[in-house]
Amino acid sequence: QLPADLSKMHLPDPPQPQGTHVPSSHSGCSIASDSGSSSLSDIYQATESEMGDVDLTGLPEAPVDSEDEEEEEDEDIDRTSDPLLGRDVVRECLEKEPADKTDDDIEQLLEFMHQLPAFANMTMSVRRELCSVMIFEVVEQAGAIILEDGQELDSWYVILNGTVEISYPDGKSESLCMGNSFGITPSLDKQYMSGVVRTKVDDCQFVCIAQQDYWRILNHVEKNTHKVEEEGEIVMVKEHRELDRSGTRKGHIVIKATPERLIMHLIEEHSIVDPTYIEDFLLTYRTFLTSPLEVGNKLLEWFTVDSLRDKVTRVVLLWVNNHFNDFEGDPAMTRFLEEFEKNLEDSKMKGHLRLLNIACAAKAKWRQITLQKPSRDSPLFFSLLGGSDKGFGIFVETVEMGSKAAEAGLKRGDQV
């Protein structure tokens with residue numbers, strides 16, 4: 001059940017004040033990656049910083065914020081958390097004439113409109129085009145007739161606030177609420193209303209899109225999409241997007257594909273408008289794959305191809321850095337990581353191997369394992385490596401499969 005008014009919708013926060021510093025590791029347009037890391041150097045910096053505490057001695061102490069500044073911050077928090085402010089921002093954008101809407105206005109509308117069912121199955125470019133031509137209308141009184149039976153239709157309507165009722169000629173009626181649509185279909189043919197549309201409550205708000213615009217935008221969606229076919233079946237659909245009106249940042253972004261094709265796209269060239277595909281995939285693959293090994297096995301297979309080796313290594317490093325739980329909690333994935341490590345050693349990729357070791361060490365969690373021996377003389381079922389005489393820490397070198405040590409959770413590579 002949709003909320004009855006705009007104030008209950010999730011609205012975009014108002015623009016942040018200018019001058020806010022955004023850390024480089026979180027910049028960009030990724031909505032998926034935990035860390036936002038997108039290069040080997042980023043991973044190195046992120047993992048190095050997590051290896052140990054930062055020494056802050058010798059740095060000058062800064063004065064504590066004054067009470068006036070604290071009051072200003074409280075006011076900022078109050079303003080950003082006020083849903084009415086978000087609603088006002090959207091309404092201001094809506095009330096502008098289509099020709100006067102700026103890119104920022106369209107982005108605000110896009111953020112709001114994509115939550116409504118009427119726009120749910122449309123591509124991003126179609127929604128953006130519709131937002132640029134929509135007109136805002138308000139009907140103050142309940143019981144007002146919006147469309148008469150038999151009236152020629154010239155617009156597509158989406159309800160933003162309130163409820164309307166459609167009374168059909170056969171006596172049946174239907175109520176439509178926020179996010180629902182009525183009016184024309186995307187065709188230039190003359191269309192007529194079947195039934196009477198009237199408001200059920202006061203202050204009903206709509207956006208309207210003229211028939212000519214609605215038909216043009218929805219019928220030109222095909223030119224914005226590129227379909228990849230294999231053996232007569234569509235395996236991937238890409239949408240052409242422009243991130244700004246200058247035309248400098250444009251390209252195709254994957255919007256749907258078969259699971260196999262999505263995995264394959266990990267090592268293909270990514271568009272300038274889709275730079276975070278790998279991070280997005282690693283965050284979302286759980287929704288369409290039954291096991292991460294489907295990805296892992298493919299990566300091991302591709303590693304044997306010289307031209308793909310660097311791309312495969314980048315995927316694995318991002319995976320370890322952003323989602324180490326996938327490996328730490330799954331014995332099969334731990335074995336995959338060990339095999340991948342061996343492949344790096346055999347290929348003499350020492351720099352990448354070091355990055356992998358740093359990432360694993362930085363992301364691993366502390367665990368306490370209790371292992372009970374039946375007697376002092378019974379074997380441990382695991383072996384250790386290192387110590388002061390070797391010049392490095394004590395690590396678990398091997399663990400016998402199926403042993404009590406393995407059952408307790410002891411793993412090769414654990415540092416004691």
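**The second largest pocket**

I began with the second largest pocket of this predicted model, and I noted a volume of about 1,500 Å³ for it. I then looked up which residues line this pocket, and I found 38 of them, with A364, F395, G413, D414 and Q415 closest to its centre. Turning to the elements behind this lining, I listed those that give two or more residues to it: the helices α1 (40–51), α11 (325–328), α12 (331–346), α13 (350–363) and α14 (404–408), together with the strands β12 (382–387) and β13 (392–399). When I sorted the lining by class, I counted 22 nonpolar residues, four polar ones and twelve charged ones.

**Two loop residues with positive phi**

I next checked the loops beside α13, one residue at a time. In the loop between α12 and α13 I came to K348, whose phi is near 60°, a positive value in a residue other than glycine. I recorded K348 as exposed, because its relative accessibility is 63% and the cut-off for exposed is over 50%. In the loop between α13 and β12 I found F381, which also is not glycine and has a positive phi, near 70°. F381 has a relative accessible area of 32%, so I entered it as partly exposed.

**The whole chain**

I stepped back to the protein as a whole, which has 14 helices and 13 strands. Of its 416 residues, I noted that 36% are buried. I also looked at contacts between residues at least 6 apart in sequence, and 62% of these join residues at least 24 apart.

**Helix α5 and the cores**

How many of the ten residues of helix α5 are buried? I found seven, so that the helix, which spans residues 124–133, is mostly covered. I wrote them down as S125, V126, R127, L130, C131, S132 and V133. These buried residues pack against three helices or strands I could name early in the chain, α4 (103–113), β1 (135–139) and β3 (155–161), and also against β8 (204–210), α6 (211–219) and β10 (233–242).

I followed L130 further, since leaving out residues up to four places away in sequence it touches F119, M122, W156, I209, Y214, I217 and L218. L130 also belongs to the largest nonpolar core, which has 42 residues, and there it is listed with L94, M113, F119, W156, F182 and F206 as touching the most other members. Apart from this core I found another, of 40 residues, with I263, F281, L289 and L337 among them.

**I272**

I looked up I272 in the loop between α7 (259–264) and α8 (277–284). Is I272 buried, exposed or partly exposed? I recorded it as partly exposed, because its relative accessible area is 48%, and the range for that class lies between 20% and 50%. Beyond residues up to four places away in sequence, I272 touches R249 and K250. I also noted that its C-alpha atom is separated by 8.8 Å from that of I253, which is 19 residues away along the chain.

**Confidence**

I closed with the confidence scores, where the protein averages a pLDDT of 80 and 77% of the residues score at least 70. Among the elements, helix α9 (residues 293–303) has the highest mean pLDDT, 95, whereas helix α2 (residues 67–80) has the lowest, 51. Over residues 77–81 the pLDDT is below 50, and I found three contacts there beyond near neighbours in sequence. Residues 1–38 stay under 50 as well, and for this stretch the model has 73 contacts beyond four places in sequence.

Terms used: Residues are numbered from 1 along each chain as its sequence is written. This is a predicted model: local features need pLDDT of at least 70, side-chain atom pairs count only at pLDDT 80 or more; totals for chains, interfaces and linings use all residues. Side-chain values use heavy atoms; hydrogens and water are left out. A nonpolar core is a set of buried Ala, Val, Leu, Ile, Met, Phe, Trp, Tyr and Cys residues joined through side-chain atoms within 4.5 Å. Buried means under 20% relative accessible area, exposed over 50%, partly exposed in between (1.4 Å probe, protein chains only). Contact means heavy atoms within 4.5 Å. Helices (H or I, at least four residues) and strands (E, at least two) are DSSP runs, numbered from the N terminus. pLDDT is the predictor's confidence in each residue, from 0 to 100. On a 1 Å grid over the protein atoms alone, a cavity is a set of points where a 1.4 Å probe fits but cannot get out, and a pocket is an open set with protein on both sides within 12 Å along at least five of seven lines; lining residues have an atom within 4 Å of a point. Grid points are joined across faces, edges and corners, and a volume is the space filled by probe spheres set on the points. Ala, Val, Leu, Ile, Met, Phe, Trp, Tyr, Cys and Pro count as nonpolar, Asp, Glu, Lys and Arg as charged, and the others, Gly among them, as polar.
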